[in-house]
Amino acid sequence: MEQIIRRPPPAVLLAMAGAAQSAMTRGRTVTPASMVAATAVVGGSLCLLAGSAGNFLHHRTTVDPVRVERAQHLVVDGPNRMTRNPMYLGLTGLLLSHAIARRSPSALIPLAGFVWLIDRHQIPAEEKALEERFGQDYLDYKEAVPRWLGTPWCTQGCCRSLCRR
C-alpha cells in the first residue's frame, strides 16, 4: 500500500507566510521609494512564475506540486536552466516584495520560514519523485543546475551543499 505523506501545499504555506507578514507589518506605511523597489521585485517574480508555469504547460507536464509523480516531461529549459525551482523562487520573491514595500525587516521572518519549509520538506519530496520518474536524466540535471540560485563561487565548494543539494 502506498504511503501518503501529508504536507501543506506550497500555496497554503505562501498564504500563511503572507498572512503572518501582514500581521507583522500592520501600521507600517508604504513609501513611494519602497513601492518602486517592491514593484521591481514583484515584476521579476511574476515573470519567473509565469515563464516557468507557461513552459511546463508548453511541455504538457504537471505544475501540481502535490502530484509530482504525474510529470510527463523533465523541464530543463527556460527558467529551469538557472534554477531547479523557479516557481518557488518566484513565490519567495513575492514575499520579499511585501517586506520591501512595508520597509519591515521583521517581515523577512515568515519569508525565511516559507523558504525553510519548502527547502526541507517540499523540494526533497519532489526531487525523490522526479528521480524515480526520470532516473539518470534528473540526476544529471540536478548536478548541473542549482536548487535555488547559483553564484560563480558555488562550484568551488564553499556553498555547494546549499546551492546544489
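These legends walk through several close-up views of one predicted model.

Local features here need pLDDT of at least 70 and side-chain atom pairs count only at pLDDT 80 or more, while totals for chains, interfaces and linings use all residues. Residues are numbered from 1 along each chain as its sequence is written, and side-chain values use heavy atoms, with hydrogens and water left out.

**View 1. The whole chain follows the pattern α-α-α-α-α-α.**
Let's start with the overall picture: there are 6 helices and 0 strands. Both kinds of element are DSSP runs, helices being H or I with at least four residues and strands E with at least two, numbered from the N terminus. Of the 165 residues, 36% count as buried; buried means under 20% relative accessible area, exposed over 50%, and partly exposed in between, using a 1.4 Å probe and protein chains only. The chain exposes about 9600 Å², and carbon and sulfur atoms supply 64% of that area. Areas like this come from the Shrake-Rupley method with a 1.4 Å probe, and for residues only the protein chains shown count as cover. Among contacts with a separation of 6 or more, 71% join residues 24 or more positions apart; a contact means heavy atoms within 4.5 Å.

**View 2. The largest nonpolar core has 14 residues.**
A nonpolar core is a set of buried Ala, Val, Leu, Ile, Met, Phe, Trp, Tyr and Cys residues joined through side-chain atoms within 4.5 Å. Look here for Tyr88, Leu91, Leu95, Phe114, Ile118 and Trp148, the members with the most contacts inside this core. Two or more residues come from each of α1 (10-24), α2 (32-58), α3 (86-101) and α4 (108-134). A second, separate core has 9 residues, including Ala71, Leu74, Ala129 and Val145.

**View 3. Phe114 and its neighbours.**
Leaving aside residues up to four places away in sequence, Phe114 touches Pro10, Leu13, Leu14 and Ala17, along with Tyr88, Leu91, Thr92 and Leu95. One of these neighbours, Leu14, lies in helix α1. With the same sequence neighbours left out, Leu14 touches Leu91, Leu95 and Phe114. The C-alpha atoms of Leu14 and Pro110 are separated by 9.2 Å, although these residues are 96 residues apart along the chain.

**View 4. Helices α3 and α4 meet at roughly 170°.**
The two axes come within 10 Å of each other. Axes are lines fitted to C-alpha atoms, for helices over the stretch in contact, and angles run from 0 to 180 degrees between N-to-C directions. The pair is therefore roughly antiparallel; angles under 35 degrees count as roughly parallel, over 145 as roughly antiparallel, 65 to 115 as roughly perpendicular and the rest as oblique. From α3, Tyr88, Leu91, Thr92, Leu95, Leu96 and Ala99 meet residues of α4, including Leu111, Phe114, Val115, Ile118 and Glu126. This contact divides into 11 nonpolar, 2 polar and 1 charged. Here Ala, Val, Leu, Ile, Met, Phe, Trp, Tyr, Cys and Pro count as nonpolar, Asp, Glu, Lys and Arg as charged, and the others, Gly among them, as polar.

**View 5. Thr92 is found in helix α3.**
Thr92 is buried, with a relative accessible area of 12%. Apart from residues up to four places away in sequence, Thr92 touches Leu111, Phe114, Val115 and Trp148.

**View 6. Helix α5 (residues 136-144) packs against α4 at an angle of about 135°.**
Their axes are 6 Å apart, and the two helices are therefore oblique to each other. Glu127, Leu130, Glu131 and Phe134 of α4 meet Gln136, Asp137, Tyr138, Leu139 and Lys142 of α5. By class, this contact has 4 nonpolar, 1 polar and 4 charged residues.

**View 7. Two arginines with positive phi.**
As background for this view, most residues other than glycine have a negative phi. Arg60, in the loop between α2 and α3, has a phi near 55°. Arg60 is exposed, with a relative accessible area of 72%. Arg103 sits in the loop between α3 and α4 and has a positive phi of about 55°. Arg103 is partly exposed, with a relative accessible area of 34%.

**View 8. Met16 lies in helix α1.**
Met16 counts as exposed, at 52% relative accessibility. Its C-alpha atom and that of Gly113 are separated by 10.0 Å, with their positions 97 residues apart along the chain given as the separation.
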